[in-house]
Amino acid sequence: MIERSPLFDFITYATMILGMFLVLVPFWITIVAGSQNLQEVSQVPLNLWPSGHLVENIQTAWTRSDLGPKMINSLIVAVGVTTGKIILAALSAFAIVFFNFRARMICFWLIFITLMLPLEVRIVPTYSIAANALLPFQTILDVFGITGLIETLSGVRIGLEWNLLNSYTGLILPLVATATGTFLYRQFFMTIPDELVEASKMDGSGPIRFFLDVLLPLSRTNMLALATIMFVSSWNQYLWPLLITTDRKNFGTVVMQLKALIPAQNGTPDWNVTMAGALIIMLPPLLVVALMQRWFVRGLISRDK
Amino acid sequence: MTAITLSGVKKRYLKNPVVHGVDVTIESGEFVVILGPSGCGKSTLLRMIAGLEDITEGTIAIGDTVVNKLEPRERGCAMVFQNYALYPHMSVAQNIGYALKVAGMPRAQRDAKVMSVAKSVGLDPYLTRKPGELSGGQRQRVAMARAMVREPKVFLFDEPFSNLDAKLRVAMRAEVRNLHRSLGVTSVFVTHDQTEAMTLADRLIIMNQGIVEQVGKPSEVYHRPASLFVADFIGSPAMNLIKGQFDAIGNFLHGRGGMLHLPGAASIAAGRDVTLGVRPEAVRRVEAGTRGAIAAVVDYIEELGAARLVYADTDGNRIVLVDERTDALGTGMPIHFTLGENDLHLFDNADGKRIEMRADHRVPSLLNA
């Protein structure tokens with residue numbers, strides 16, 4: 001529907017400006033507070049004009065919460081999760097769309113249902129798996145009495161253990177499964193004409209070649225859109241890293257460090273440093289979105305044929 | 001060289017039969033066109049040869065090998081698709097060379113081959129372009145080059161020209177014909193366009209509702225249609241088909257009291273419900289009073305330029321004739337025509353099959369009783 005009345009124009013512009021205002025004000029406050037010194041930031045009401053201490057605040061925040069190594073940790077986790085998600089989503093959508101097997105629809109719905117089960121809901125079982133990734137297999141062996149059987153036969157007791165706590169694997173793996181990504185890929189794969197599949201069959205390429213030579217290049221914009229969303233969301237992960245890393249020094253991520261920057265109850269209320277730290281931490285996702293937004297929009301809205 | 005033998009080929013989707021048992025041999029080096037209305041199973045048949053559809057029953061052999069269980073790539077067929085099916089992200093050269101790349105041919109050899117094939121279809125100036133930057137005809141050429149480059153044993157065409165405009169279609173038709181002449185590769189071409197079929201084919205396979213109605217040379221199919229369906233389907237304007245009965249002495253009774261005397265047919269068709277067919281160009285307009293002339297009243301006229309089509313009513317039946325005269329003629333005016341002795345076709349209404357009128361059953365001229 002395209003309306004061309006001045007009143008409507010006015011209303012839409014007003015709504016958009018209001019929305020922009022709502023989004024930008026907190027951001028502005030962060031920048032302003034991050035650039036002030038302790039006295040200025042403690043004033044009530046807050047002076048909404050930036051001051052000249054941004055660089056020194058950033059330096060303080062950087063050293064105080066050890067942001068250098070933590071940035072690298074965060075980057076490893078975010079990139080790892082993003083790549084893992086894309087590979088897994090592309091492969092599972094490939095299986096669901098292009099292969100005709102009996103459990104196809106069941107698989108699709110099982111994946112789809114996990115949309116309703118975000119990490120926060122399944123945090124306890126996920127944690128116990130992360131504590132010992134081989135636990136399910138141990139349980140199977142125990143339940144079927146295989147452990148007991150082997151113990152009586154050989155005298156060796158089987159105890160499977162693979163601890164993922166305090167490791168990059170633990171930080172990345174449980175976040176890799178993604179219903180959203182699979183769904184996005186499925187929708188894209190369904191727009192690929194059958195004749196293209198058949199042409200590549202006639203050209204002699206098997207499923208893997210078809211996937212690599214045809215599907216992947218064609219889904220490039222999709223992949224970049226997905227990467228953008230996934231990078232931002234995994235960079236912003238707080239709960240999971242907090243749970244799985246007790247060794248903060250080596251495996252902490254920047255978002256966890258932000259908590260460390262918040263002034264303690266009876267400490268100095270240096271919110272200026274906290275805000276400067278927040279600015280550093282939100283920079284990478286901001287950059288990713290800024291660089292990818294062209295692809296991002298294209299991948300989600302239109303399909304270039 | 002490579003013949004294709006289909007024996008007892010059937011196709012069912014779940015419980016729905018689509019192809020009801022096809023027995024045809026396509027000779028080596030032959031250009032065969034499968035012609036039929038949409039939904040007749042012609043594409044399914046082609047795709048079964050290509051290996052894109054499973055064969056429910058029967059066998060297909062390419063050369064001496066039964067290919068039922070072979071993957072498409074192992075059958076040595078190349079296919080040209082209706083919507084070209086070019087890889088949109090690859091350049092023309094990559095599109096043409098993809099099959100060779102998959103087959104593991106070294107780069108230098110591949111490039112040389114792609115170049116020579118592209119030259120032969122006039123694509124060499126466009127090798128670096130993407131399919132999206134080409135016109136319909138050029139895309140069609142890429143699709144053909146892609147098929148040619150593999151030097152297949154069999155070419156399969158699935159309605160390749162249906163997306164082209166009329167003029168381009170004629171040009172591409174000639175190109176396919178030349179291609180076949182120079183390469184001599186066994187080709188199977190599916191279309192619903194009868195002009196395309198008639199001009200291209202060495203032999204036609206006419207299909208209807210999953211059944212092969214007739215196999216034969218284009219002229220054979222045109223002049224001796226094996227069934228009512230073929231008679232009606234082939235030819236434009238369509239053949240005049242008049243339902244009626246023969247009495248014991250060979251009078252063909254039709255419409256509201258119309259009667260044609262056809263003594264020879266008495267012995268073969270007496271008492272049966274039959275359809276008499278005659279092509280519009282075989283109906284000759286004559287002066288009133290000519291021996292054997294049948295009277296009709298003009299319904300309307302379609303002007304074609306070189307000739308005109310006259311739609312007329314004779315005893316309640318519609319008859320179409322090609323009239324090359326230029327006299328004034330209008331709705332409601334009486335005309336007279338005779339039917340050519342050798343141009344009559346008889347079909348049994350019960351099974352739609354042709355009733356053969358042997359030479360001695362043909363009468364020198366027809367008398368309007």
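What percentage of the 369 residues of chain B count as buried? In this predicted model, the figure for chain B is 39%. The C-alpha trace of chain B spans about 80 × 45 × 35 Å along its principal axes. Its secondary structure comprises 9 helices and 21 strands. Among the contacts in chain B with a separation of 6 or more, 65% are made by residues 24 or more positions apart.

A sheet in chain B offers a suitable point of entry. This open sheet is formed by 6 strands of chain B, in the order S6-S7-S8-S3-S9-S10, and its pairing is mixed. Strand S6 (77-80) and strand S10 (211-216) of chain B are the edge strands, each of which pairs on one side only. From one strand to the next, the twist averages 15°.

Within the sheet order, strand S3 of chain B stands between S8 and S9. S3(B) covers residues 31-35 and is mostly covered, with 5 of its 5 residues buried. The burial extends to both faces of S3(B): B:Phe31, B:Val33 and B:Leu35 are buried on one side, and B:Val32 and B:Ile34 are buried on the other.

The pairings of S3(B) may be followed in turn. With strand S8 (residues 186-191) of chain B, S3(B) pairs in the parallel sense over 5 bridges. Here B:Leu35 stands opposite B:Thr191 in S8(B). S3(B) and S9(B) also run parallel and are joined by 4 bridges. B:Ile34 has B:Ile205 as its bridge partner in S9(B).

Continuing towards the edge, strand S9 (residues 203-208) of chain B is joined to S10(B) by 5 bridges, and these two strands run antiparallel. One of the residue pairs here consists of B:Met207 and its bridge partner in S10(B), B:Val212. The parallel pairing of S3(B) with S9(B) and the antiparallel pairing of S9(B) with S10(B) illustrate the mixed character of the sheet.

Two helices of chain B extend this picture. Helix H4 (residues 136-148) of chain B lies across S6 and strand S7 (154-158) of chain B, and runs at about 180° to S6(B). Helix H1 of chain B comprises residues 42-50; 7 of its 9 residues are buried, so this helix is largely enclosed by the rest of the structure. The buried residues of H1(B) are B:Lys42, B:Ser43, B:Leu45, B:Leu46, B:Met48, B:Ile49 and B:Ala50. After H1(B) comes B:Gly51, which has a positive phi, near 95°.

Chain A provides an example of helix packing. Two packed helices are described by the angle between their axes and the distance between the axes. In chain A, helix H4 (residues 67-98) and helix H13 (residues 220-235) pack at an angle of about 140°, and their axes are 9 Å apart. Because of this angle, H4(A) is oblique to H13(A). The two helices, H4(A) and H13(A), make a right-handed crossing.

The contact can also be described residue by residue. H4(A) contributes A:Ser74, A:Val77, A:Ala78, A:Val81, A:Thr82, A:Lys85, A:Ile86 and A:Ala89. On the H13(A) side, these residues meet A:Met223, A:Leu226, A:Ala227, A:Met230, A:Phe231, A:Ser234 and A:Trp235. By residue class, the contact of H4(A) with H13(A) divides into 11 nonpolar, 3 polar and 1 charged.

Conventions. Residues are numbered from 1 along each chain as its sequence is written. Chains are lettered from A and ligands numbered from 1 in the order in which they are written. This is a predicted model: local features need pLDDT of at least 70, side-chain atom pairs count only at pLDDT 80 or more; totals for chains, interfaces and linings use all residues. Axes are lines fitted to C-alpha atoms, for helices over the stretch in contact, and angles run from 0 to 180 degrees between N-to-C directions. Angles under 35 degrees count as roughly parallel, over 145 as roughly antiparallel, 65 to 115 as roughly perpendicular and the rest as oblique. A crossing is left-handed if the near helix is turned anticlockwise from the far one by less than a right angle, and right-handed if clockwise. Two residues are in contact if their C-beta atoms, placed from the backbone, lie within 7 Å. Ala, Val, Leu, Ile, Met, Phe, Trp, Tyr, Cys and Pro count as nonpolar, Asp, Glu, Lys and Arg as charged, and the others, Gly among them, as polar. Two strands pair if DSSP finds at least two bridges between them. A residue is buried if 20 or more other C-beta atoms lie within 10 Å of its own, exposed if 12 or fewer, and partly exposed in between; C-beta atoms are placed from the backbone.
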